[in-house]
Amino acid sequence: METAPPSWNNEDILSLIVEQTTDMVAIHTFDWVFLYVSPSSRLLLGYEPDELLNKSAFELFHPDDLKKISSHETSDVNDQKIHTITYRIKRKGGGYVWFETTVKPIKDLRLGNELRLITVSRDVTSRKNSEEMVKKFVQAVESASDSIVMANSEGIIMYTNPAIYNMTGYKPPEVIGKHANFIWEGTMDKIFLTSLWHNLREEKKPFNGEITNVRKDGMRYVSDTHITPILDEKKDVSFYVGIARDITKAKEVDRMKTEFISLASHQLRTPLTSMKWRLEMLLKGEEGNINDKQKEYLLNINGTNERMIDLVNSLLNISRIESGRLIIDSKPTSLTDLMLSAIDEVSNKAKDKQIRIIKDFQEALPVISVDPKLLRNVYINLLTNAIKYTKEKGAIEVRIYEDNNMILTQVADNGYGIPKSDQDKIFQKFYRADNIKKVETDGTGLGLYLTKAIIEASNGKIWFESEENKGTSFYVALSRSGMEPKKGEVSITV
Ligand code: ADP
């Protein structure tokens, strides 16, 4: 072991420590006037030690921290009382650093027998900042309206914020220390719960979805829940974070809305259908001859009535698909035959506008299992739009082809197109683009919403490409395996 050279005495060693340490050592009067400052003031405060001498540290303290710099009693000296204070102190050139300072009052003959303060200060800014950050995080989490739950790798709840009470009826202390299943078990489907944990624990995949559960008081609630396993460096689950929002009310309002639309539409359909019969009878001359003017009026009323029936049907179909009660009745179907029959249905509309429909069907396409009624509705909708939103003498091209194990249907027109600014909203309920509203007042903005809902309920995809005044192509992609059948309760009205 090396020993200090004999010429070194204690004083040398002490001054070496004070001069070299990264902490700032200082001697003050009882009023905090600097009498000695170690060179680390340069690093910590940006001041040369000389610049601080005879200056009161009070000039540098942050105004909000003055109260913390407590005064010292003479008796402290006898008691050898040491204080540790944490406060902000100004750096040369602006800005504050956090200091943690040990203050010891002393009386020393070598210092003129006066009372002095010896301070050792350390920069704790980064620690303070992270403490502040943590404090703010905790405040944010505690006051969040969503329930936030943290559970350890075994699923034991370590923390939950107060919002858990509003959703589940349990206060945080009632659930902390218990397994997360305490909130779930007994109310949730066992198979679902097992697969939920399997996904989280074994697959380490986050869960996002709706959970139906029962509150402490036995009332049902639905939550939109996101659970994420947080992994450590070894990719093992370190803990879980769950965030849940109570959507019981929103779901209920949604259900009532759907029910209302369904009820209202049923009530509207009956009188409209009976008007349709009567009008058809009158038009056929079953109640006697009608003159040209009468015929013109009747045809006009009939057209309006048809449009109302279309609207009511769309509303009914939407309410059916939104309530998740729609039957998907899949059977082996030739998409080209289905398309031909849809084209046939719209051919009069196309003829009226002298629009050509060009067919380009790949040969020997496989027959796939789809619900013909649903897909026909989709096809008719895309064709009707293409005709409606294309000028007279325009052209529509319909292609059906296989690509990458998907069967694609493309309906292309050279019509008005969809302006860029409207493109992200075109599938929204009731949305109609600005350019179209000017040229074609007839329309509900429901067709594409329903079309998309049908395609998505059948695991397919729908999208489009469009350029204003050039034309639009809608694409529907269905996998070779087709639409998965679904029992459901209702089918759509066409
Ligand atoms: P509707 O045709 O009753 O307005 P849709 O939901 O079928 O309702 O269509 C929504 C909107 O999408 C239309 O109003 C129109 O702005 C736009 N759109 C749909 N198809 C086309 C198309 N082929 N060309 C141009 N715009 C289209």
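# Exercises on a predicted model

An oxygen atom of the ligand sits 2.6 Å from an N or O atom in the side chain of Tyr389. The protein covers 98% of the 530 Å² of accessible area that the ligand has on its own. The model is predicted.

## Exercise 1: The ligand shell

Task: Describe the residues around the ligand. Which come nearest, and which secondary structure elements supply them?

Solution.

Step 1. Start with the count. There are 21 residues around the ligand. Tyr389, Asp413, Arg432, Thr444 and Leu448 come nearest.

Step 2. Sort the shell by character. It divides into 10 nonpolar, 8 polar and 3 charged residues.

Step 3. Trace the shell to its elements. α13 (372-388), α15 (447-457) and β17 (471-479) each supply at least two residues. α13 gives the most, with 4 residues.

Step 4. Look for polar side-chain atoms. One in Asn385 lies 2.8 Å from an oxygen atom of the ligand. One in Lys388 lies 3.5 Å from an oxygen atom of the ligand.

## Exercise 2: Positive phi values

Task: Ala364 and Asn405 are to be examined for backbone angle and setting. Is Ala364 buried or exposed? Is Asn405 buried or exposed?

Solution.

Step 1. Recall the background. Most residues other than glycine have a negative phi.

Step 2. Take Ala364. Its phi is positive, about 50°, although Ala364 is not a glycine. Ala364 lies in the loop between β12 (356-361) and β13 (368-370).

Step 3. Apply the cut-off. Exposed means over 50% relative accessible area. Ala364 has 78%, so it is exposed.

Step 4. Take Asn405. Its phi is near 65°, again a positive value in a residue other than glycine. Asn405 lies in the loop between β14 (395-403) and β15 (406-413).

Step 5. Apply the cut-off again. Asn405 has 51% relative accessibility, so it counts as exposed.

## Exercise 3: Two helix residues

Task: Place Glu259 and Asn305 in their helices. Then classify each by accessibility, and find how far Glu259 is from Gly112 in space and Asn305 from Lys276.

Solution.

Step 1. Glu259 is in helix α10 (residues 248-283). Asn305 is in helix α11 (residues 292-322).

Step 2. Use the bounds. Buried means under 20% relative accessible area, and partly exposed lies between that and the exposed class, over 50%. Glu259 has 47%, so it counts as partly exposed. Asn305 has 4%, so it is buried.

Step 3. Compare sequence and space. Glu259 and Gly112 are 147 residues apart in sequence, and their C-alpha atoms are 92 Å apart. Asn305 and Lys276 are 29 residues apart along the chain, and their C-alpha atoms are separated by 7.0 Å.

## Exercise 4: Domains and annotations

Task: How is the chain divided into domains? Which residues carry the PAS annotation, and which the PAC annotation?

Solution.

Step 1. List the domains. They are domain 1 (10-130), domain 2 (144-246), domain 3 (251-322) and domain 4 (331-479).

Step 2. Gauge one spacing. The C-alpha centres of domain 2 and domain 3 lie 49 Å apart.

Step 3. Read the record. An unreviewed UniProt entry places "domain: PAS" at residues 10-80 and 133-178. It places "domain: PAC" at residues 83-136 and 207-259.

Step 4. Check the make-up of two spans. Residues 133-178 are 46% helix and 22% strand, with end C-alpha atoms 28 Å apart. Residues 207-259 are 23% helix and 57% strand, with end C-alpha atoms 30 Å apart.

Notes. Residues are numbered from 1 along each chain as its sequence is written. This is a predicted model: local features need pLDDT of at least 70, side-chain atom pairs count only at pLDDT 80 or more; totals for chains, interfaces and linings use all residues. Side-chain values use heavy atoms; hydrogens and water are left out. UniProt positions are given in the numbering used here, feature names are shortened, and annotations may be inferred rather than shown by experiment. A residue is near a molecule or strand if one of its heavy atoms lies within 4 Å of it. A polar contact is a pair of N or O atoms within 3.5 Å; within protein, one must be able to donate a hydrogen and the other to accept it, and residues adjacent in sequence count only if both atoms are side-chain atoms. Accessible areas come from the Shrake-Rupley method with a 1.4 Å probe; for residues, only the protein chains shown count as cover. Ala, Val, Leu, Ile, Met, Phe, Trp, Tyr, Cys and Pro count as nonpolar, Asp, Glu, Lys and Arg as charged, and the others, Gly among them, as polar. Domain bounds come from an automatic or database domain assignment. Buried means under 20% relative accessible area, exposed over 50%, partly exposed in between (1.4 Å probe, protein chains only).
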